[in-house]
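Trainee: Could you take me through one part of this model up close? I'd like to look at the place where the two chains meet, and then at some of the helix packing inside each chain.

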Amino acid sequence: MTKQLIDQIEGEASIRFDMKENMVDFATIAFPHFRGMEAILEGKPALDALVVTPRVCGICGHAHLMASVRAMESAYADANEPVQLTAKADTIREVTLVLEMIQNHFKWIYLVIMPELAKLRPEKIALTPLKGAYAASLASKALASFAGQWPHSSYMLPGGVSCDPTHLERIKAQSLVDELISFFEKECAGTALDDFLAFDSCHDFNALESDIGEIERALTAAGMHKKGFAYDRFMVLGEHRFTNPAKVMQTRLLQADEKHVKTHSAYSPSEKTFAKNACYKDEFYECGPLSRAMASNVELIKSMHRRFKDSAYSRVMARIFETARLLDHARDMLGSLALNEDSLIPPKPITGISGCGVGVVEAPRGPLIHRVEIEEGIIKSYEIVTPTQWNIGSSVKENPTPAQLAMMGNVTMEEALFIFRTFDVCSVCTTH
Amino acid sequence: MSDKIEGVKKLFTSKSARVETNRGESYYNNLFERCQARLDELRAQEPVNRLDFSELLSEHGTDRRDFMKWVSATTAMLMLPPMFAPLVAEAAELMNRAPVIWLELQDCAGNSEALLRSDGPKIDEIVLDIISLEFHETLMAPSGHQAEKQLDGAMGHFNGKYLLFVEGSIPVGAGKEWCTIGASGENFLDHLTRVAEGAAAVVAVGSCATYGGIPAAAPNPTGAVGVMDVIKGKPVINIPACPANPANMVGVVLHYVLTGQVPELDSLLRPKFAFGYRIHDNCERRAHFDAGEYVESWGDEGAKNNFCLYKMGCKGPMTFNNCSIVRYNEGVNWPIGVGRGCIGCSEPDFWDKYAYERPMADAKLKAPTGGVEKSVDEFGLGLLTAAGIGIGIHAAASAIAGKKEDGGEA
């Protein structure tokens, strides 16, 4: 058995490999960190969750804020006091969520995937981590125009958002997004965004003289289109304009409902772990950008899936393609933002609310669920289910989680470590 | 009433609450010479890496003028007179002589994320390239065993010279053995103690490393504490806030390069150049406070007109930090700019005491002069007491932590 530590993520993870003839036979995953966020939330005034939960994670705190505020709004509905949201408030929330995803994806491409790919194909990949940092900083500046700061904002509230942007803020955000799009075109894709989005086959990536072209070619050369397969079933639970909840079995779209989601303690026989495995009706599903593209019928990704299924290749390219789609989406949403509506329609004070609520959003890595029980404005219980719990759980060999399955079989340990990264790990979210 | 005012007066005039921006000519001349000697000494040293600052600046299309603008702003931020600007510029160029080791403990990596987009003349580059970030678990290239080797190497090679940045709290209670790091499964406390041993100074970045932060929120499931609670006999500098402002992180490194010393600290070991005044002192909505114009409920007319957020629970009047000047994300915005008020994230216990929408007057805070404010409508008195509460907490916390009243230069 060999233990490998995984750094360069938020927090730390370790994988223990059982090898057979130099190939991975089985692997268990442990996350040896813990803070106890759910216990901390119990007994606190409900709105404190808007300050505490974003701090679960330094890279997707905004998704936590949105899940938290949605959970509270759902508790209002449960208490027969439905909360109204103007289109403006809804758009601003959505824009900032999308911008957070964009910054995450850029960092993942340049600070994780390229260096990891370089370990498999050292002669092919030029490392430029600062490109990722620069792109991410543009996205978070645009985000901060509405959210005040990034990371860790608390600007959403039941009933809307606290900011009341003028044309000035909108123009500022638009110019940052435009700059980011130009950067993407020039420095990442090597082609115009619209042309990139109009690709109809993964051959089109192959011809690009750019970082993305380089990644695509290296993935193929490393055989990643033939490796890293998981269950070929996908889960999307968050309701957004860029995707929709669905359970995808190969290519069939079925309905999905958050209420069937349960977590179990992770299996880690030789090391302590604070992780849990998330299951839908006791089955494992993969989540994240590939799942979202399948659920919302993105033609290019569906055609990629026909050829390469849920391989490591598809997983990486789907996230890259999602980055482009989200850039386009952010630009559209900023253009359509109606500034003259109210930012917030105040609901009844939360101190008068008793009820249960659920908030579901698509975070950069997949569905994020917050479940809350409130009694007269005080949190009775709080549960957080994070995307990494879906993808990177740790279970027994007979019933592996998506990441375990993807690392098993005909892959070397080196390849398995790369495949592990294609899921985009977040340790601090997993254990919270 | 009169004892209240007397108490507040005392707090305002206490030594630790004072920021000295003019120390007289002889002080600055003396400091100037010391800095110059320090920089000469650094220049003579082997750089930790071979990166050339001017080359990098021109490579990234930043011209000398932009750089000098940044230099003036930074000199002012460090509360130094303009004559220090050339030295600050030189210090920036000599940043590659300052080895930095960065540890992540019980955290969310938010401060590292914030650092990745710090501002200045492409300070991303300064931080990632020029500052010799010898070891950073999230940012560096090697991982696992290789990374541990690199850490040991850096600790040995720069023994006694490196600045140790720590992000995240340290579980010393039930969670002590739950959180481990590295292949040997070392717990955070042992890990930190070992790496701090050879550090010139330890910089606690973010509220978790400073005071325990969110992980230390009641009931503090893991027994999380801050760096200053466990590291003794070493200069500790606290840069709280959630996340800490990258400008202040760079400021501390720059100050260290420039003077070879820890900047002047307040009673909570925070550099006074960044934490010497309150959010409220320089708030863009301050005029509305003075005029008695408040947001009374979220989304009301006051909110639409950017009125003061005090009644919505803004903790600006008792929070010491420079965000109202430096702002966040390269100066794009800050929380009060989006109408949600300050949560006091650079103050101890913000997570339990004054999180969302709890006006200070209603918070479970005991004013140092006794009694808790009930009505914010008596805002004149409210303000004074509030300011007193802020400072009172400092005094109380430093008494508990056994810190001396005046941090001073180490």
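Mentor: Here is a walk through the interface, followed by one helix pair from each chain. Keep in mind that this is a predicted model.

Let's start with how much of each chain is involved. Chain B puts 65 residues into the contact and chain A puts in 61. Together they bury about 5,100 Å², and carbon and sulfur atoms account for 58% of that.

Now for the polar side of things. There are 3 salt bridges between chain B and chain A. One to pull up on your screen pairs A:Asp342 with B:Lys304, where the closest N and O atoms sit 3.0 Å apart. As for polar contacts, the tally between the two chains is 19 residue pairs, counting those with both residues at pLDDT 80 or more.

Which pieces of chain B face chain A? At least two residues each come from α6 (110–115), α7 (123–130), α8 (145–157), β5 (180–181) and α17 (350–353) of chain B. The largest share belongs to α7(B), with 4 residues. Sort that whole side of chain B by class and you get 35 nonpolar, 13 polar and 17 charged residues.

Next, step inside chain A. Helix α9 (residues 211–221) packs against helix α12 (residues 312–336) of chain A, with an angle of about 170 degrees and axes 10 Å apart. Angles over 145 degrees count as roughly antiparallel, so α9(A) and α12(A) fall into that group. On the α9(A) side, the contact uses A:Ile212, A:Ile215, A:Glu216, A:Leu219 and A:Thr220, while α12(A) answers with A:Tyr313, A:Val316, A:Met317 and A:Ile320. By class, that makes 7 nonpolar, 1 polar and 1 charged residues.

Chain B has a helix pair to set beside it. Helix α5 (residues 85–93) and helix α12 (residues 246–259) of chain B pack at about 105 degrees, with their axes 9 Å apart. An angle from 65 to 115 degrees counts as roughly perpendicular, and that is therefore how α5(B) and α12(B) lie to each other. From α5(B), B:Leu87, B:Val88, B:Ala91 and B:Ala92 meet B:Leu254, B:Val257 and B:Leu258 of α12(B). The contact of α5(B) with α12(B) has 7 nonpolar residues, with no polar and no charged ones.

So, to recap the helix pairs: α9(A) and α12(A) are roughly antiparallel, whereas α5(B) and α12(B) are roughly perpendicular.

How values were computed. Residues numbered from 1 in each chain as written. Chains lettered and ligands numbered in written order. Predicted model: local features only at pLDDT ≥ 70, side-chain atom pairs only at ≥ 80, totals over all residues. Heavy atoms only, no water. Contact = heavy atoms within 4.5 Å. Buried area = accessible area lost by both parts, 1.4 Å probe. Salt bridge = Lys/Arg side-chain N within 4 Å of Asp/Glu carboxyl O. Polar contact = N/O pair within 3.5 Å; in protein donor to acceptor, adjacent residues only side chain to side chain. Nonpolar A, V, L, I, M, F, W, Y, C, P; charged D, E, K, R; others polar. Axes fitted to C-alpha atoms, helices over the stretch in contact; angles between N-to-C directions. Parallel < 35°, antiparallel > 145°, perpendicular 65-115°, else oblique.
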